[in-house]
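Student: I am new to this structure and would like to take a close look at a single part of it. Could you choose one helix and walk me slowly through how it sits among its surroundings?

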Amino acid sequence: MNIGLSKPIGPPPSSKPNLLFITRTWPDSTGTGTSMRCGLTLEAMAEIYNIYLLVIPILDTPLIRGASPRILGLCARYAEWRVEGREDPAWREVAANESREARLAAAAASPRTRLGRFVSAEAVREAGRVYADIAFQAVHVFRLDMAPFAEPFLAAADNRPFCVLDLDDIESETRRCIAALYAAGGDTVSANFELLEMQKYERA
């Protein structure tokens with residue numbers, strides 16, 4: 001398990017309730033729209049809660065050294081948990097195939113989405129150990145793919161924390177739109193892949 005805690009472990013500096021903020025991208029005040037909205041949400045939450053940030057970068061997002069010092073300064077603690085090498089076996093076949101058609105067939109064999117390929121019982125359990133010493137009154141999950149990683153923090157608590165699932169986007173509709181764009185451009189292989197992704201999100 002690759003965990004980097006970058007603030008000293010200790011009591012938070014205030015009597016505010018504790019909130020666990022789980023996200024797949026580092027919050028920021030600049031950069032992509034997703035990072036910016038994540039950052040703005042965290043800023044607002046920091047007015048009310050002690051923020052414990054847990055970043056699980058399932059995309060090609062910057063490492064912890066690329067995080068905004070101003071955003072990190074709002075957190076009581078922050079951690080990054082890397083998930084490389086934990087893909088669902090079917091997704092390893094996707095990466096191994098040179099043919100686009102073969103990659104599509106391998107992707108269809110996995111019940112998980114591309115962004116959900118790292119979610120396994122082991123990965124969720126290990127991520128749940130990051131802040132095992134903290135009692136949370138609230139959990140904020142940024143994006144649907146991160147939802148399973150909240151489960152250990154909800155199940156282990158004597159008093160179940162208030163939990164918010166911040167979708168940010170309706171993933172199935174996004175996949176549908178991307179599929180239509182690929183189809184309009186004549187790329188049926190990519191269009192079919194996005195339609196498969198859409199169907200998986202609809203079943204989630």
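**A close look at helix 1**

Tutor: The chain has eight helices and six strands, and since this is a predicted model, everything that follows describes a prediction. Read along the sequence, these elements come in the order β-β-α-β-α-β-α-α-α-β-α-β-α-α. Of the 204 residues in the chain, 46% count as buried, and among contacts between residues at least 6 apart in sequence, 76% join residues at least 24 apart.

Let us turn to helix 1, which covers residues 33-46. With 14 residues at 1.5 Å a residue, helix 1 should span 20 Å, and its end C-alpha atoms are indeed 20 Å apart, so the expected and the computed spans agree.

Which residues of helix 1 are buried? They are S35, C38, G39, T41, L42, M45 and A46. These residues cover an arc of only 165° around the axis, which means that they lie on the same side of helix 1. The background to such a pattern is that an α-helix has 3.6 residues a turn, so residues three or four places apart point the same way. On the other side of helix 1, G33 and L40 are exposed.

The cover over the buried residues of helix 1 is drawn from several parts of the chain, including strand 2 (18-23), strand 3 (50-55) and helix 2 (69-72), and it also includes strand 4 (75-82), strand 5 (138-142) and strand 6 (162-166).

One of the buried residues, S35, also has a polar partner: its side chain makes a polar contact of 3.1 Å with the side chain of T25. T25 is found in the loop between strand 2 and helix 1, and T25 counts as buried because its relative accessibility is 7%, which is under the 20% cut-off.

Some of the covering strands also take part in the largest nonpolar core, to which strand 2, strand 3, strand 4 and strand 5 each supply at least two residues, as do helix 5 (121-127) and helix 6 (151-155). Of the 28 residues in this core, L20, I22, L54, I56, W81, Y131 and F149 touch the most other members. Leaving aside residues up to four places away in sequence, L54 touches ten residues' worth of neighbours that include L20, I22, A79, W81, Y131 and F153. Apart from this core lies another, of 18 residues, among them L19, F21, V55 and I71.

Terms used: Residues are numbered from 1 along each chain as its sequence is written. This is a predicted model: local features need pLDDT of at least 70, side-chain atom pairs count only at pLDDT 80 or more; totals for chains, interfaces and linings use all residues. Side-chain values use heavy atoms; hydrogens and water are left out. Helices (H or I, at least four residues) and strands (E, at least two) are DSSP runs, numbered from the N terminus. Buried means under 20% relative accessible area, exposed over 50%, partly exposed in between (1.4 Å probe, protein chains only). Contact means heavy atoms within 4.5 Å. The expected span of a helix is 1.5 Å times one less than its number of residues. The arc is that of the directions from the helix axis to the C-beta atoms. A polar contact is a pair of N or O atoms within 3.5 Å; within protein, one must be able to donate a hydrogen and the other to accept it, and residues adjacent in sequence count only if both atoms are side-chain atoms. A nonpolar core is a set of buried Ala, Val, Leu, Ile, Met, Phe, Trp, Tyr and Cys residues joined through side-chain atoms within 4.5 Å.
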